[in-house]
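Let's take a relaxed walk through this protein. Have the picture open and follow along.

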Amino acid sequence: MILSLFGQPGSGKSTLAKEISKKFPGSLIIDGDELRKTLSNENFSRTGREKNIRAANSIARFIAQRESRLVIMAIVNPFRALREELKTPPTIDVFEVCLMSERNLRRDFHCSEFEIGKPDLCVQTDEPIQDSVDRITKKMQIF
């Protein structure tokens with residue numbers, strides 16, 4: 001299974017991914033910021049973001065198909081079509097969670113073209129972190 005945590009920079013993706021991974025021993029986190037550094041991709045234009053997202057999608061699908069462990073993607077992923085690409089072909093369960101926050105963090109990296117689409121769950125991350133973790137993991141069990 002792939003858990004896709006997406007949202008604007010500063011919405012809590014990396015923090016939540018780390019906390020959720022504690023509940024799923026052996027899970028793997030693909031963090032967008034870390035992936036950017038690994039790929040030397042500091043391009044935050046649409047083209048740069050798409051390159052980073054496609055790389056994350058490929059890695060997540062590869063690991064989820066080859067191993068029986070949860071892959072947690074913590075990446076801005078603002079384009080609905082690229083999130084749909086992750087689900088095609090539908091051989092892997094993908095649970096999408098849109099994270100939203102009113103905190104004024106990392107606004108200089110925000111994506112003006114952000115498309116929420118129809119995620120499986122939307123979570124306001126200004127609440128205590130454990131509340132967000134509990135909401136996501138409970139909904140994942142139903143999925």
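## A strand and its partners

Start with a matched pair: Ile2 sits across from Val71 in strand S3. Keep in mind that you're looking at a predicted model. That pair belongs to a wider match, as S1 runs parallel to S3 (residues 71-74), with 4 bridges between them.

S1 has another partner too: strand S4 (residues 94-100), again in the parallel sense, this time over 6 bridges. Here you can find Leu3 opposite Phe95.

## How hidden is S1?

Is strand S1 enclosed or open? It covers residues 2-7, and 6 of the 6 are buried, so the strand is largely enclosed by the rest of the structure. Look at both faces: Ile2, Ser4 and Phe6 are buried on one side, and Leu3, Leu5 and Gly7 are buried on the other.

## A serine in a helix

Now hop over to Ser21, which is part of helix H1 (residues 13-23). Its relative accessibility is 18%, and the cut-off for buried is under 20%, so Ser21 counts as buried. Leaving aside residues up to four places away in sequence, Ser21 touches Ser27, Ile29 and Ile72.

## Two loop details

Asn77 is in the loop between S3 and H4. Its phi is positive, at about 45°, even though Asn77 isn't a glycine. With 0% relative accessibility, Asn77 counts as buried.

Which bond joins Thr88 and Pro89? It's a cis peptide bond, with omega at about -10°. You'll find Pro89 in the loop between helix H4 (80-86) and S4.

Terms used
Residues are numbered from 1 along each chain as its sequence is written. This is a predicted model: local features need pLDDT of at least 70, side-chain atom pairs count only at pLDDT 80 or more; totals for chains, interfaces and linings use all residues. Side-chain values use heavy atoms; hydrogens and water are left out. Buried means under 20% relative accessible area, exposed over 50%, partly exposed in between (1.4 Å probe, protein chains only). Two strands pair if DSSP finds at least two bridges between them. Contact means heavy atoms within 4.5 Å.
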